[in-house]
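Trainee: I have a new model open and want to learn how to read it. Can we go through it one feature at a time?

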Amino acid sequence: MAKASVIEREKKRATLRVKHFAYRNLLKNLLRCSTVSTSEKQCIRTKLHKLPRDSSDVRRRSRCVVTGRARGVFRCFGLARMCIRELAFNGEIPGLSLSSW
């Protein structure tokens with residue numbers, strides 16, 4: 001189980017990302033635009049740098065929804081490998097069964 005502070009930090013990053021998502025994408029698209037002058041791009045960059053760091057999508061880390069573990073997380077389930085194994089063994093994940101040969 002991950003520390004509660006780490007899980008709360010990730011929740012904070014997720015809310016900040018949602019809050020600033022549209023504005024951050026607008027600024028990024030303006031930077032990519034070829035019709036914008038160099039001085040305007042510099043102004044756009046300063047606005048982008050003034051946004052909170054944690055609002056960036058790169059700062060997020062995928063974590064298991066059950067344990068909060070950061071490593072070995074399957075994207076399609078949102079669970080760590082150990083949780084998937086345990087839930088599949090108990091038959092709690094529909095359509096998933098452990099194979100043996």
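**Salt bridges first**

Mentor: Glu 8 and Lys 11 form a salt bridge, with the closest N and O atoms 3.5 Å apart. Keep in mind that this is a predicted model. The structure holds 6 salt bridges.

Trainee: Where do Glu 8 and Lys 11 lie relative to each other in helix H1?

Mentor: The general idea comes first. An α-helix has 3.6 residues a turn, so residues three or four places apart point the same way. Here, Glu 8 and Lys 11 are 3 residues apart in helix H1, about one turn of the helix. Glu 8 is partly exposed, at 46% relative accessible area. Lys 11 is partly exposed too, at 47%.

Trainee: Which residue meets Glu 10 in a salt bridge?

Mentor: Arg 13 does, at 3.3 Å, N to O. These two are also 3 residues apart in helix H1, about one helical turn. Check their burial. Glu 10 is buried, with a relative accessible area of 12%. Arg 13 is buried, at 13%.

Trainee: Which residue outside the helix should I look at next?

Mentor: Look at Asp 54. It forms a salt bridge with Arg 13, the closest N and O atoms being 3.2 Å apart. Asp 54 sits in the loop between helix H2 (38-50) and E1, while Arg 13 is in helix H1, so the pair ties together parts that are 41 residues apart in sequence. Both Asp 54 and Arg 13 are buried. Shared partners join Glu 10, Arg 13, Asp 54 and Arg 59 into one network of salt bridges.

Trainee: Which residues does Arg 13 touch, leaving out those up to four places away in sequence?

Mentor: Asp 54, Arg 59 and Arg 60. Try the same reading on His 20, which is also found in helix H1. His 20 is buried, at 15% relative accessible area. Leaving out residues up to four places away in sequence, His 20 touches Leu 51, Pro 52 and Ser 55.

**Cysteines**

Trainee: How many disulfides does the structure hold?

Mentor: A disulfide is a covalent bond between the sulfur atoms of two cysteines. This structure holds 0.

Trainee: Why is there no bond between Cys 83 and Cys 64?

Mentor: Their sulfurs are 3.8 Å apart, and that is too far for a bond. The cut-off is 2.5 Å. For Cys 33, the closest cysteine sulfur is in Cys 43, 15 Å away, also too far. Cys 33 is partly exposed, at 28%. Cys 83 is buried, at 11%.

**Helix faces**

Trainee: Which residues of helix H3 are buried?

Mentor: In H3 (residues 81-90), Cys 83, Ile 84 and Ala 88 are buried. Seen down the axis of H3, the buried residues fall within an arc of 125 degrees, so they line one face of the helix. On the other side, Arg 85, Glu 86 and Phe 89 are exposed.

Trainee: What do the buried residues of H3 pack against?

Mentor: Strand E1 (73-74) and strand E2 (79-80). After H3 comes Gly 91, with a positive phi near 75 degrees.

**A surface patch**

Trainee: Which residues form a nonpolar patch on the surface?

Mentor: Tyr 23, Leu 26 and Leu 30, with about 260 Å² of accessible area together. Leu 30 is found in helix H1 (residues 4-32). Leu 30 is partly exposed, with a relative accessible area of 33%.

Notes: Residues are numbered from 1 along each chain as its sequence is written. This is a predicted model: local features need pLDDT of at least 70, side-chain atom pairs count only at pLDDT 80 or more; totals for chains, interfaces and linings use all residues. Side-chain values use heavy atoms; hydrogens and water are left out. Patches are made of residues with over 30% relative accessible area and no salt bridge: like charges are joined within 9 Å, nonpolar side chains (Val, Leu, Ile, Met, Phe, Trp, Tyr) within 5 Å. Accessible areas come from the Shrake-Rupley method with a 1.4 Å probe; for residues, only the protein chains shown count as cover. A salt bridge is a side-chain nitrogen of Lys or Arg within 4 Å of a carboxyl oxygen of Asp or Glu. Helices (H or I, at least four residues) and strands (E, at least two) are DSSP runs, numbered from the N terminus. Buried means under 20% relative accessible area, exposed over 50%, partly exposed in between (1.4 Å probe, protein chains only). Contact means heavy atoms within 4.5 Å. The arc is that of the directions from the helix axis to the C-beta atoms.
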